[in-house]
Amino acid sequence: QVQLVESGGGLVQAGGSLKLSCAAAGRTFSSYAIGWFRQAPGKGREFVVAISTTGVSTYHLASVKDRFTISRDNAKNTVYLQMNSLKPEDTAVYYCAARSAFDSSYGYWGQGTQVTDSS
């Protein structure tokens, strides 16, 4: 099992940047692919970006591909989401989630961190 805690959310003006962190507790963090999802007010949860266990492969929602960068430090059990050129439509609660190699879906979720456009 793995426990996930997000941090780094806050208020940001359009065009600004934020870096979210997803810290994991568990000895097998490096065996989990990690994804970031978001849920905007009144909308369903959507996939944003994901990273493979080794960090070699990443997958992006088309609308964030040139603005968001995901990375991981397995030695620190942490995944990062660098968000640049933020837009009002990026306002949402951001969640990180973990998926083991044996699962087809993300089975472990953090509590979320709020990102809000302050423009």
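In this predicted model, Arg67 lies in the loop between β6 (58-60) and β7. Its relative accessibility is 10%. Arg67 therefore counts as buried, the cut-off being under 20%. The side chain of Arg67 reaches back to the backbone oxygen of Ser63, at 3.1 Å. Beyond residues up to four places away in sequence, Arg67 touches Gln82, Met83, Asn84, Ser85, Leu86, Lys87 and Asp90.

Two of these contacts, Gln82 and Met83, lead to the strand pair formed by β7 and β8. Strand β8 spans residues 78-83. β7 and β8 pair in the antiparallel sense, over 6 bridges. Within this pair, Thr69 has Gln82 in β8 as its bridge partner. Gln82 is thus named twice: as a contact of Arg67 and as the bridge partner of Thr69.

The β7-β8 pair belongs to an open sheet of 4 strands. The strand order is β1-β3-β8-β7, and the pairing is antiparallel. β1 (3-7) and β7 (68-73) stand at the edges. Each has a single partner strand, so one side of each is left without a neighbour in the sheet. Neighbouring strands of this sheet are turned against each other by 15 degrees on average, direction ignored. Strands of a sheet pair through backbone hydrogen bonds, either parallel or antiparallel.

Ser21 gives a view from within the sheet. This residue is found in strand β3 (residues 18-25). Ser21 has a relative accessible area of 18% and is therefore buried. Its contacts, leaving aside neighbours within four places in sequence, include Val5, Glu6 and Ser7. Thr78, Val79 and Tyr80 are also in contact with Ser21. Trp36 is a further contact of Ser21. In the sheet order, β3 stands between β1 and β8.

A further set of pairings centres on β11. Strand β2 (residues 10-12) is joined to strand β11 (residues 113-117) by 3 bridges. These two strands run parallel. Leu11 stands opposite Thr116 in β11. Strand β9 (residues 92-100) also pairs with β11, here in the antiparallel sense and over 3 bridges. In that pairing, Val93 stands opposite Gln114 in β11. β11 thus has a parallel partner in β2 and an antiparallel partner in β9.

Methods
Residues numbered from 1 in each chain as written. Predicted model: local features only at pLDDT ≥ 70, side-chain atom pairs only at ≥ 80, totals over all residues. Heavy atoms only, no water. Pairing = 2+ DSSP bridges. Axes fitted to C-alpha atoms, helices over the stretch in contact; angles between N-to-C directions. Buried < 20%, exposed > 50% of the residue type's maximum accessible area, 1.4 Å probe, protein only. Polar contact = N/O pair within 3.5 Å; in protein donor to acceptor, adjacent residues only side chain to side chain. Contact = heavy atoms within 4.5 Å.
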